[in-house]
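Q: Please take one part of this model and go through it closely. I am new to this structure, so start with any term I will need.

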Amino acid sequence: MFKHQLPRQNSLHEVQKIAYSPVNVLKHISLGAPFICSGMLDNWPALRRWNPAYLSAKCAGNKVIVKDIKRNKKDICQFGEAMRVLQRQNQGEIENDVVIQMSQIKTGRYFSRSKPALEVLYDDIVLPKIIPHRRIVEINFWAGSGGNVTELHFDPLDNFLSLVSGNKNLSMIK
């Protein structure tokens, strides 16, 4: 979304927590360091709607990418089936090995030639006015039942990570 700048060598920033306001967000974006912003999603319908039953009803037949973490293998399956696996994992019936990986809800005008797999969820998201919508490259949906670890990586574009349900542990290695 915004031009990415790599941090100076050996520079780690303490992650600041801020209350949402356009001024606060723009100020912290300009610092080029990660931050946590509370209240930014308060008007998202997703916060009220997104639960396994709603998501399955809206997206059951849509095809999504699932990753089997233990086998380091990706496959395509129907969203409804992937949600059933996540629910069984969450209830402890099977091991936590599968996640729904980067299923697109929205893509920018020139980014994708195909319709996003989960476009039906777009109306549940309210983008902050400070984000120029023409600059959005993609909006992705990820889901897991917990305990999953993402390997250390670098994203070429700046991101907003929006957590609708559950918790996420983000850490920097010092």
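A: Two strands are said to pair if DSSP finds at least two bridges between them. By that rule β3 and β5 pair, in the antiparallel sense, over three bridges. Within this pairing, Val-66 has Ile-100 of β5 as its bridge partner. The model is a predicted one.

The two strands belong to an open sheet of four strands, in the order β4-β3-β5-β6, with antiparallel pairing. At its edges are β4 and β6, each of which pairs on one side only. On average, neighbouring strands of the sheet are turned by 30° against each other, direction ignored.

The part to look at closely is helix α4, residues 79–90. This helix lies across β3, β4, β5 and β6, and runs at about 140° to β5. Its length can be checked: at 1.5 Å a residue, the 12 residues of α4 should span 16 Å, and the end C-alpha atoms are 16 Å apart, so the two agree.

Buried here means under 20% relative accessible area. In α4 the buried residues are Phe-79, Gly-80, Ala-82, Met-83, Val-85, Leu-86 and Gln-89. An α-helix has 3.6 residues a turn, so residues three or four places apart point the same way. The cover over the buried residues of α4 includes the strands β3 (63–68), β4 (73–78), β5 (98–107) and β6 (138–143). Helix α3 (52–59) is also part of that cover.

After α4 comes Gly-92, which has a positive phi, near 80°.

Methods: Residues are numbered from 1 along each chain as its sequence is written. This is a predicted model: local features need pLDDT of at least 70, side-chain atom pairs count only at pLDDT 80 or more; totals for chains, interfaces and linings use all residues. Side-chain values use heavy atoms; hydrogens and water are left out. The expected span of a helix is 1.5 Å times one less than its number of residues. Buried means under 20% relative accessible area, exposed over 50%, partly exposed in between (1.4 Å probe, protein chains only). Contact means heavy atoms within 4.5 Å. Axes are lines fitted to C-alpha atoms, for helices over the stretch in contact, and angles run from 0 to 180 degrees between N-to-C directions.
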